[in-house]
Amino acid sequence: MDRGDGSIRYILSGEGAGTMFTIDDGTGDIHAIQRLDREVKAQYVLRAQALHRQTGRPLEPESEFIVKIQDINDNEPKFLDGPYQATVPEMSVIGTSVIQLTATDADDPTYGSSARVVYSVLQGQPYFSVEPRTGIVRVSLADMDREVRENYSVIIQAKDMGGQLGGLAGTTTLNITLTDVNDNPPRFAQKLYQMSVPESAPVGSVVGRIRARDRDEGANAEMRYSIIDGDGRDSFDVGTDPTNQFGIITIKKAGLREQAQLHAEGGGRQHAAGPRFLSRGPYSDVTIVHVSVEDVDEPPLFHAPAYLVEVPEDLEVGSVFKTVSARDPDAANNSIRYSIERASDPAKYFYIDITSGALMTVQPLDREELAWHNISVLAMEMNNPSQIGSVSVMVKVLDVNDNAPELTQFNEAFLCESAKAGQLIQTVTAVDPDEPLGGQHFYYSLAPEAANNPNFTLRDNQDNSAWILTRRGGFSQLTQSVYYLPIFISDGEQPVQTSTSTLTVRVCSCDVDGSVLSCDAQAYTLPVSLSRGALIAILACIFVLL
């Protein structure tokens, strides 16, 4: 229908019409007026129609067509999560997988090779390699030793167009850390240790320390020590300190009398060496320790390292509650005399018999005042007073129900004049310094002299608390401003302890919300305008009358 005479006008509508695309209204040619980016929008749906230029009448129905943007290689591959961190055990074999990296290319993967990515190593050879198509990084050098070098920085390149010339590339950094394996045997710094210990040293005393070093770290560097030979195997023991590095030699059995020689073996702990590393062994080392036992005059020894005694607080003064005994460990076996170190019993609650070691009280005990006594008993040799042994005697004072309960905190309550019968004015609780095994149980009531109190009543809540309630209304400050309410409290232990506490109830004037305004009876006040002279005259008259 278009004869080229300009009688037909073409119009364009739809996605991007007028902004991305324009149409020549005389020829119908469509042109792009902006740069097109497939990665932003891959296709546009447009509609075109031919109209009569003079009348504007459509010459045919509207036509729809799609403009698809053909991809070109204008986006380089990108590593979205870089830089990367990875670990691999040291001494790993060639081909061990470290990590898989993935680069993304925004170009169209279905068109050409624009999005076909190939990986390569730019920095990090010959230690590591990367599979070109999968991006899996692998170990490419055998027997890499963490103790020689621990950290490696590898630069990985991802190039599109299948790696061909002209392809776009992106890079990322991969930081690889070699983790430790148990591939180093322990070695003692010395082949011979010299130590000495007095024969009086108690069981468990530390004789000395030995150490074997391991170039590994963490659990792979932990040591295990043992005694494998020597005439002191039954007298000494060797353990490991909390860091699992040092061997601590201690006394295993009391009664050391001669020089002892022992051997200690140290080796890997928890993590055994792998089969590949056995050739580096053996994974143990041996050293010799000479321990010389020195003769000393030992002080008396008590039969127990410490004593714990439980004593009721109502124990009668002068009663024996414990007998301690000590002996002279030396061959002379001298007689022993006992005493109490005064610094441990400054108040002098206790006394000990000088020959028998019998402990007794010389003052009454009160658990509520002091629940524990930690006294030191001394044992002295008769023939050598400088040799003194000591032992700790911990005296726990057991509770006896010897204290009466008393009201807790406040003994005063406030009552509004507008209070009505049955109104709660105070919740009372009690406290008792005793500590019965079953817990405290308090019982409340009004004292016998107030049992029929016409103004107030008491309700025991059976939970160690009680309510004070009004029995009537119509309270007035002018009538009576203060009431005294005796409360009887008893506990539930034997022997039962009781007390009577007085609760002071003050009558107050309150606002409509029940807030206290004043708790004093209102006094008569003189007019403000009264002169000083008039006041003196009034006072003089009162004085004359008196």
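Tutor: Before we start on this predicted model: buried means under 20% relative accessible area, exposed means over 50%, and partly exposed is in between.

Student: Got it. Is Glu39 buried, exposed or partly exposed?

Tutor: Glu39 sits at 25% relative accessibility. Buried needs under 20% and exposed needs over 50%. So Glu39 counts as partly exposed.

Student: And which residue does Glu39 pair with in a salt bridge?

Tutor: The closest N and O atoms of that pair are 2.9 Å apart. The partner has 16% relative accessibility, so the partner counts as buried. Glu39's partner is Arg38.

Student: Let's take Arg342 and Asp345, which meet in a salt bridge. Which of the two is buried?

Tutor: Their N to O distance is 3.6 Å. Arg342 has 38% relative accessibility, so Arg342 counts as partly exposed. At 2%, the buried one is Asp345.

Student: How many residues apart are Glu435 and Arg367?

Tutor: Their side chains meet in a salt bridge, 3.7 Å from N to O. Glu435 lies in the loop between strand 32 and strand 33, while Arg367 lies in the loop between strand 27 and strand 28. The pair links distant parts of the chain, and the separation is 68 residues.

Student: Is Glu435 buried or exposed?

Tutor: Its partner Arg367 is buried, at 11% relative accessibility. Glu435 comes out at 56%, and the cut-off for exposed is over 50%. So Glu435 is exposed.

Student: How many salt bridges are there in the whole structure?

Tutor: Some share partners: Arg146, Glu147, Asp180 and Glu217 are joined that way into one network. A search of the whole structure gives a total of 15.

Technical notes:
Residues numbered from 1 in each chain as written. Predicted model: local features only at pLDDT ≥ 70, side-chain atom pairs only at ≥ 80, totals over all residues. Heavy atoms only, no water. Salt bridge = Lys/Arg side-chain N within 4 Å of Asp/Glu carboxyl O. Buried < 20%, exposed > 50% of the residue type's maximum accessible area, 1.4 Å probe, protein only. Helix = DSSP H or I, 4+ residues; strand = E, 2+ residues; numbered from the N terminus.
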